[in-house]
Number of protein chains: 2
Amino acid sequence: MKAEIVAVGTELLLGQIVNTNARFLAVECAGLGIDVYYQTVVGDNKDRLLETLKLAASRADIVICTGGLGPTQDDLTKDVLAAYIGRELIIHEPSMSKISDFFSSRGIHMVESNRRQALMLEGCDPLLNDTGMAVGVAVTYEGTHFILLPGPPKEMKPMFTNYAAAWLSSVMTDEVPLYSKMLRFAGIGESSLEHQLMDLIQDQQDPTIAPYAKEGEVAIRLTTRARDVEEGKQKLLPLEQEIRTRVGDFIYADEDLPLEHVILQLLSSKMMTLSVAESCTGGLLSDLITAVPGSSQSFLGGIICYTNLLKNKLLQVPMEVLEGDAAPGAVSEETASLLAQNLLNTTGSDWSLSVTGVAGPGESEGKPVGLVYVGLGKRGAQPQIFTLKLSGNRDMIKLRAAKSALYQLWKQLKDS
Amino acid sequence: MKAEIVAVGTELLLGQIVNTNARFLAVECAGLGIDVYYQTVVGDNKDRLLETLKLAASRADIVICTGGLGPTQDDLTKDVLAAYIGRELIIHEPSMSKISDFFSSRGIHMVESNRRQALMLEGCDPLLNDTGMAVGVAVTYEGTHFILLPGPPKEMKPMFTNYAAAWLSSVMTDEVPLYSKMLRFAGIGESSLEHQLMDLIQDQQDPTIAPYAKEGEVAIRLTTRARDVEEGKQKLLPLEQEIRTRVGDFIYADEDLPLEHVILQLLSSKMMTLSVAESCTGGLLSDLITAVPGSSQSFLGGIICYTNLLKNKLLQVPMEVLEGDAAPGAVSEETASLLAQNLLNTTGSDWSLSVTGVAGPGESEGKPVGLVYVGLGKRGAQPQIFTLKLSGNRDMIKLRAAKSALYQLWKQLKDS
C-alpha cells in the first residue's frame, strides 16, 4: 500500500523544530511493508490542512497525520478531518476520565479547552495515548485509511507502536511485509564502504541495499519482502554473505546498536573494566558510553584532562613532555601513551582509552585541526597508539575521534 | 511572498535520513521575510517529481528544491524542471572545468555521468557550489521563482547562504523583511514559562511570540517586519519589556547562544576557572562545555566519577559516606558536597560543579529515577547543594541535570 505522512504545525514551517516524526514514521512504514510516496508539512491553517488531506487521500491508501491534537484553538486536525469526511466530534469517555483525573489529582482547575484532547470522530477507532492526554484517531473513509497521531514524539511514538501499527496491519491483509536487517560498521568511512560495494548498490533489485551515515558511524540496511522471519533471513543471506566477504572485518553488529553498546557487552562478558582520559573529546567519549543503560557495570569513569595542568596533576604526564620548544606537546604520541598507561594505575581498570588532539576551529601547538592521537592501554601491556587525521567541524572531529577510539578498543576486545 | 520547500530523495521517504534541510531553509526563509506554507518530500521518481513541482508552482511564489543534482540516473531534478518549463539542459562551463580539474588532479578517470553535475537550464542563473561539484539553478517561470540546491547539507547550506539568498532578495523587491530576536531562558520549564506568558502568546498579532524547547532549554522568538534593525528593535521593545518584567530573572541571553557559552564568557571576563565532577551525567556536562570553541581558556577539565571506586579514589569521598546501610550513599547531598569541595583542591579551579543522581532506567540505592543532586563549589566558601527531581528518559535526565547544574553556576556568576 502507498502512504503519505502529513505533519501539521506552523513550528515546522518556521523551522523551530526538525520533522523527526516523519523520519520515525517512514522507518516504521517501511517495516510494515508500506511504501511512503510523499511527506508533507502544513501549518495550523484550516483551509490548507483540508486541501492537504484531500490531496493525500487522492494519491495514497494510507494517510498518517501527526500534530494538531492538542487543547488550543490552533489544534485543528480532528476538526478538519471530521468536516472532510462528515462525521461528528464526540467525547471519548475513557480519555475524558483520564484528563479529569489528572487535573483533579493535582488540584488544578480544568479549563474547557482541555476537553478537546478527548475528542474523537464518531464511529472511528480511538488510539490510546499512554504518555499524554490527546486520544488518537483511526478511520477509513472512501478507501483511504486515516491515522491521526499527536505531535510530541514522546506521545506519537508509543501510540504508533502500541496501537496504530496493529490497526494498520488489520486493514492491510494482502500485503507481504518487509523484512530488513541492519549491518553496522566501524573503522571504515562512508565513501570507502560505498566504493567497495558500488556494484551491489547500483545493481540492487531484491533485496535492496541502502547505505547511510548514522551518529558518526556507517550502516547498511538490507531489505526484502517476506512472509516470515525465516524466509526473510534466507532471502537476505546471499547478499549478506557477499558483503561480509568484502568488508566483514568492519561489521561490529548485525542489529541496530551503536558501537559503545557492543563494547560494553564484550567487556561485561569478559568481566573487564574500562576507563578513559579525554582531552580533545572533552567528555563526549564518556557521554556516549554512559548513554547505554547498565554501563556502570564495566565503565569506571575517567578524567577530562582538558588542560595541561590536569594532564600533569591527575595523570602524571611530565611538564617536559607537554610544554617547551623541544617537547612533543599535549597533542603527541608520547602524551597519548602516558595518559593511557597512567590511567590504568589511577583507576585500576583493565582497559583504558586516551584521546588528545586538535578539535579546532584553530590549530594548537602548531598542529593542524583534525590531528588526533588515540592511546589504548591494557593492564600488563604497552599502550598502542593510533594517529588520526580527521575532517569536519569541531563537533564532527570530537565525534569521529571518540568513535575511532571505540573502534580500536572493539578490534582488540573481539579477538582477545 | 509564499514559498514551498521540496526535498527530493527516496532516502528521506525511507527514513534513512532526517530532513534537516527543510528546517534550515525554513529558518532562512523566515529571516528573509518569506512565508513557507508547505514542505514536501518526494522520491527519485520522474512523474511524481513533476507533479510535485507543478503543484508547488500553483500554490507558491517561490519553490526551493533540495536534492537530485548528483551524477547518477536517480538524480532527476534538473531534467524534470527543464522538461516542465521547456528549457534545454546545457553545460555550465566553469563547473565543468572544476569537475575535470578535480578528477585530473587526482589521476582518476572521469566517467560521463560526472558531466551531469555541471548541467544547468538554458537561460537560468547558475548558483555556484563552493563545497562540491553540482551547480545549482535559479530561474523564474510564469511568475514562480525556482531554486534548485544539492541535497548534502554541506553543499546546500553555503550555496543558499552565499548565492541563493541574494538571488531571492533580488526578485523580492517589495517585501518588508522579518526582524526577530531570540530570548533564551534557564531555570524555568517550558510549561511554566508558557503559563506566565499565556495571554501574550494567545493574543499575539504583531510582533509574534513563539516559545519553544531547544537542547534541554527554553527559548522565545519575537518577530516583526521592519525596514531596518533600528525599526525592528523599536517594534519589539514593548513586548520584550513586558516579558522581562514577568520572567526576566530567567533570561540569560538575548541572542541564540546555549547557556554554557554564556557561562564561559562570564568566567573569561572574570578570569576565573571551572572544573566538574560528573557521576550520573557521565561526561555530558563536560561535553557541552567543550563544544564551545575556546572553552579551554576557562574550563580546566574534570573527573567522571561514575563508580563509587573513583568517587573515593580520585575525589576522596569516604566509603562510609558512599556505601553501607546507614550511609547517605552516592546519590546524596553529602556526596555532592564532598565532590564539589574536594574537586576544588584536586584541580585548583575557582569554581566547581558536581552532579550525582539516578539517570535510570532503573532506580539506584533505592532512590527514584530522576533524583539528582548538584553541588556548586567556590574557592573559600561552603558548597551549595541543589536537589532536582527530573522527569524523562535516561538521555533527558542527563541533559536536564547538566543544564540545571549550569543554571545554578550562571546565577552565581552573573551576580558576583
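**Warm-up.** Which residue lies over the face of A:Trp410, and at what distance from the ring centre?

*Solution.* Look for a side chain above the ring: A:Lys414 lies over the face of A:Trp410, and 4.9 Å separates it from the ring centre. A companion case crosses between chains, with the charged end of A:Arg48 sitting over the ring of B:Tyr37, 3.6 Å from its centre. Keep in mind throughout that this is a predicted model.

**Exercise 1.** Classify the ring pair of A:Tyr84 and A:Tyr141, and say which parts of chain A the pair ties together.

*Solution.*
- Step 1. A pair of aromatic rings is described by the distance of the centres and the angle of the planes.
- Step 2. Over all chains, a search of the whole structure finds 14 aromatic pairs. In the pair A:Tyr84 and A:Tyr141, the ring centres are 5.7 Å apart and the planes stand at 65°.
- Step 3. Planes over 60 degrees apart count as edge-to-face, so the pair of A:Tyr84 and A:Tyr141 is edge-to-face.
- Step 4. Now place the two residues. A:Tyr84 belongs to helix H4 (residues 77–85) of chain A and A:Tyr141 to strand E7 (residues 136–141) of chain A, so the pair ties together parts 57 residues apart in sequence.
- Step 5. Widen the view: ring pairs link A:Tyr84 and A:Tyr141 with A:Phe146 into a cluster.

**Exercise 2.** Do the same for A:Phe299 and B:Tyr306, then decide whether each residue is buried or exposed.

*Solution.*
- Step 1. The ring centres of A:Phe299 and B:Tyr306 are 5.8 Å apart and the planes are at 55°, so this pair is tilted.
- Step 2. A:Phe299 lies in strand E14 (residues 299–304) of chain A, while B:Tyr306 lies in the loop between strand E14 (299–304) and helix H12 (308–315) of chain B, so the pair joins two chains.
- Step 3. Buried means under 20% relative accessible area. A:Phe299 has 0% and is buried; B:Tyr306, at 13%, counts as buried too.

**Exercise 3.** Describe the interface of chain B and chain A by its contacts, its area and its salt bridges.

*Solution.*
- Step 1. Start with contacts: 60 residues of chain B touch 60 residues of chain A.
- Step 2. Turn to area. About 4,900 Å² is buried between the two chains, and carbon and sulfur atoms give 57% of that area.
- Step 3. Add the polar side of the picture. Between chain B and chain A there are two salt bridges, and 34 residue pairs are in polar contact across the interface.
- Step 4. Ask which element of chain B gives the most to the side that touches chain A: strand E2 (residues 35–42), with seven residues.
- Step 5. Find the salt bridges. A:Lys398 meets B:Asp287 at 2.8 Å, N to O. B:Lys398 forms a salt bridge with A:Asp287, with the closest N and O atoms 2.7 Å apart.
- Step 6. Place that second pair: B:Lys398 is in helix H15 (residues 394–415) of chain B and A:Asp287 in helix H11 (residues 284–290) of chain A, so the pair joins two chains. B:Lys398 and A:Asp287 are both buried.

**Exercise 4.** Follow salt bridges within chain A, beginning with A:Glu4 and A:Arg59.

*Solution.*
- Step 1. The structure holds 34 salt bridges over all chains. In the one between A:Glu4 and A:Arg59, the closest N and O atoms are 2.9 Å apart.
- Step 2. This pair links distant parts of the chain, 55 residues apart: A:Glu4 is in strand E1 (residues 2–8) and A:Arg59 in helix H3 (residues 46–59).
- Step 3. Check accessibility: A:Glu4 is buried at 1%, and A:Arg59 counts as buried at 18%.
- Step 4. Compare A:Arg116 and A:Asp79, whose closest N and O atoms are 3.1 Å apart. Here A:Arg116 is buried at 17%, whereas A:Asp79 counts as partly exposed at 23%.
- Step 5. Finish with a network: salt bridges link A:Arg184, A:Glu217, A:Asp256, A:Glu260 and A:Lys403.

**Exercise 5.** Describe the surroundings of A:Ser354.

*Solution.*
- Step 1. A:Ser354 is in strand E15 (residues 351–357) of chain A and, at 0% relative accessibility, counts as buried.
- Step 2. A polar atom of the A:Ser354 side chain lies 2.8 Å from the backbone oxygen of A:Ala336.
- Step 3. Beyond its neighbours within four places in sequence, A:Ser354 has contacts including A:Ala277, A:Leu339 and A:Tyr373.

How values were computed
Residues numbered from 1 in each chain as written. Chains lettered and ligands numbered in written order. Predicted model: local features only at pLDDT ≥ 70, side-chain atom pairs only at ≥ 80, totals over all residues. Heavy atoms only, no water. Phe/Tyr/Trp six-rings, centres within 6.5 Å; stacked < 30°, edge-to-face > 60°. Helix = DSSP H or I, 4+ residues; strand = E, 2+ residues; numbered from the N terminus. Buried < 20%, exposed > 50% of the residue type's maximum accessible area, 1.4 Å probe, protein only. Lys NZ or Arg CZ within 6 Å of the ring centre and 35° of its normal. Contact = heavy atoms within 4.5 Å. Buried area = accessible area lost by both parts, 1.4 Å probe. Salt bridge = Lys/Arg side-chain N within 4 Å of Asp/Glu carboxyl O. Polar contact = N/O pair within 3.5 Å; in protein donor to acceptor, adjacent residues only side chain to side chain.
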